[in-house]
Amino acid sequence: SLSPLLTKQWYQRRVRGPLHNTMLLLAISICVLVTLSQGQVKMITDHYGDEPANPAPCLVTCAGSSGYGKTKWTGEPGRVWTEINISRCGFVERPIVTTAMNGRGWFDYQVGMSSPWGISKSKFGITILGRAMTSWSPEASWKPTPVEAQNFDWNINWIAVGFTC
């Protein structure tokens, strides 16, 4: 015979008691708050520094990554680049794009990782121009190649804010 502490009835009474109800209420409250907070992005000025002409309900925040170990780098020693496809965001005009790079090594010393270029409603590019001089490491002679960028799993994480209508 099972101990009373291990019976199904004991479990149901304990788990579905006040603690269960409190946790359920907390979970529902969090879901409601998250739902209400979604879409609370406001664009003050667009990519050109002008007041946006598009309606506020069409403003979307879209984010992604070129993929750890999946980013296709091209270029030459000291100058490597990649192009990021953002067409699935559905923007109707050029969004505001913020980028960061990560990987397994040396990504934190590179120049250009936060400077997207050629931004359009469907893509943008990033060019990495080699190692930056810092007070910690004043020598900046290393010139990364596309193969090294690939081997270090460099990838671009991005957030784009723009209009879909």
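1. The structure holds two disulfides, and the reader should keep in mind that the model in which they appear is a predicted one. When the bonded cysteines are counted along the protein chain, the disulfides follow the pattern 1-4, 2-3.

2. One disulfide joins C58 to C165, with an S to S distance of 1.4 Å, and the link of these two cysteines is left-handed, with -60° about the S-S bond. The pair links distant parts of the chain, since C58 sits in the loop between α2 (18-37) and β1 (59-65) whereas C165 sits in the segment after β6, 107 residues apart.

3. Are the two ends of that link buried or exposed? C58 has a relative accessible area of 6% and is therefore buried, as the cut-off for that class is under 20%. C165, with a relative accessible area of 44%, is partly exposed, because this value falls between the 20% limit for buried residues and the 50% limit above which a residue counts as exposed.

4. The other disulfide joins C62 to C89, with an S to S distance of 2.1 Å, and the link of C62 and C89 is likewise left-handed, here with -75° about the S-S bond. C62 lies in strand β1 and C89 in the loop between β3 (79-85) and β4 (96-102), so this disulfide ties together parts of the chain that are 27 residues apart in sequence.

5. For this second pair, C62 is buried, with a relative accessible area of 17%, and C89 also counts as buried, at 11% relative accessibility. Both values fall under 20%, which is why each of the two cysteines is placed in the buried class.

6. A separate point concerns N155, which is placed in strand β6 (residues 155-163). Its relative accessibility is 2%, and N155 therefore counts as buried, given that the class covers values under 20%.

7. Which side chains are joined to that of N155 by polar contacts? The side chain of S65 is joined to the side chain of N155 by a polar contact of 3.2 Å, and the side chain of N102 is joined to the side chain of N155 by a polar contact of 2.6 Å.

8. If residues up to four places away in sequence are not counted, the residues that N155 touches include S65, S66, G67 and Y68, together with T71 and W73. A100, M101, N102 and G103 are also among the residues touched by N155, so that S65 and N102, the partners in the polar contacts, both appear in this list.

Key. Residues numbered from 1 in each chain as written. Predicted model: local features only at pLDDT ≥ 70, side-chain atom pairs only at ≥ 80, totals over all residues. Heavy atoms only, no water. Helix = DSSP H or I, 4+ residues; strand = E, 2+ residues; numbered from the N terminus. Buried < 20%, exposed > 50% of the residue type's maximum accessible area, 1.4 Å probe, protein only. Polar contact = N/O pair within 3.5 Å; in protein donor to acceptor, adjacent residues only side chain to side chain. Contact = heavy atoms within 4.5 Å. Disulfide = S-S within 2.5 Å.
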